Amino acid sequence: MIWTHSIPQPPVPQFLREMLKDYPEIIQDIQDGLNEIVAKYLERKWGTPFNEVSEELESALSHHRFEASEALKEAEQTGDSQAIYKAKIKGDAVSEAYHVGGADFDELQNYFETYRGMFE
């Protein structure tokens with residue numbers, strides 16, 4: 001999604017960017033999901049989408065946890081120790097991010113407070 005709005009994109013929380021720094025595709029997927037929600041609210045002036053954004057973060061992390069689990073199963077079936085190791089590391093990172101999940105959404109709260117007028 002190309003961001004065409006007059007305000008910055010909503011931030012992917014810093015703790016998630018740090019935890020998932022080795023997986024830029026996951027960070028980008030989360031960013032795309034946040035952008036979609038915020039764009040929808042900006043266009044329709046529905047109010048602040050903080051709850052929906054929180055749900056999107058949880059859903060995206062849950063999806064990537066499942067994918068990591070499936071990748072680990074596939075790697076174990078092939079017996080490729082390198083692939084197993086990579087899948088375990090990725091699965092651990094995504095699981096940890098999922099469990100920390102709602103711990104620190106200050107950046108998103110500040111974002112919505114700063115740009116509140118754009119959503120009304």
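**Notes on an all-helix chain**

1. Start by reading along the sequence: the pattern is α-α-α-α-α. That gives 5 helices and 0 strands in the chain. Keep in mind as you look around that this is a predicted model.

2. Now the overall dimensions. Taken along the principal axes, the C-alpha atoms fill a box of roughly 55 × 25 × 20 Å. The chain has 120 residues, and 37% of them are buried. About 7200 Å² of the chain is exposed, with carbon and sulfur atoms supplying 46% of that area.

3. Have a look at who touches whom. Take the contacts between residues at least 6 apart in sequence: 69% of these join residues at least 24 apart.

4. On to charges. The chain carries 11 positive and 23 negative charges, and the mean positions of the two sets are 1 Å apart. Side chains of opposite charge can pair when their charged atoms come close. How many salt bridges does a search of the whole structure find? The search turns up 4, and the next points go through some of them.

5. R17 and E107 make a salt bridge, with their closest N and O atoms 3.5 Å apart. This pair links distant parts of the chain: R17 sits in helix α1 (residues 14-19) and E107 in helix α5 (residues 106-114), 90 residues apart. Is R17 buried, exposed or partly exposed? R17 counts as partly exposed because its relative accessibility is 28%. E107, at 26%, is partly exposed too.

6. Next, find K90 and E25, whose side chains meet in a salt bridge at 3.2 Å, N to O. Again, distant parts of the chain are linked: K90 belongs to helix α4 (residues 81-100) and E25 to helix α2 (residues 24-44), with their positions 65 residues apart in the numbering. K90 has a relative accessibility of 25%, so it counts as partly exposed. E25 is partly exposed as well, with a relative accessible area of 42%.

7. Last, a pair inside one helix. K73 forms a salt bridge with E70, and the closest N and O atoms are 3.3 Å apart. Where do these two residues lie? Both are in helix α3 (residues 50-78), 3 residues apart, which is about one turn of the helix. K73 has 44% relative accessibility, so it counts as partly exposed. E70 gets the partly exposed label because its value is 28%.

Technical notes
Residues numbered from 1 in each chain as written. Predicted model: local features only at pLDDT ≥ 70, side-chain atom pairs only at ≥ 80, totals over all residues. Heavy atoms only, no water. Helix = DSSP H or I, 4+ residues; strand = E, 2+ residues; numbered from the N terminus. Buried < 20%, exposed > 50% of the residue type's maximum accessible area, 1.4 Å probe, protein only. Contact = heavy atoms within 4.5 Å. Areas by Shrake-Rupley, 256 points an atom, 1.4 Å probe, with all protein chains shown as cover. Lys, Arg positive; Asp, Glu negative; His and termini not counted. Charge placed at Lys NZ, Arg CZ, Asp CG, Glu CD.
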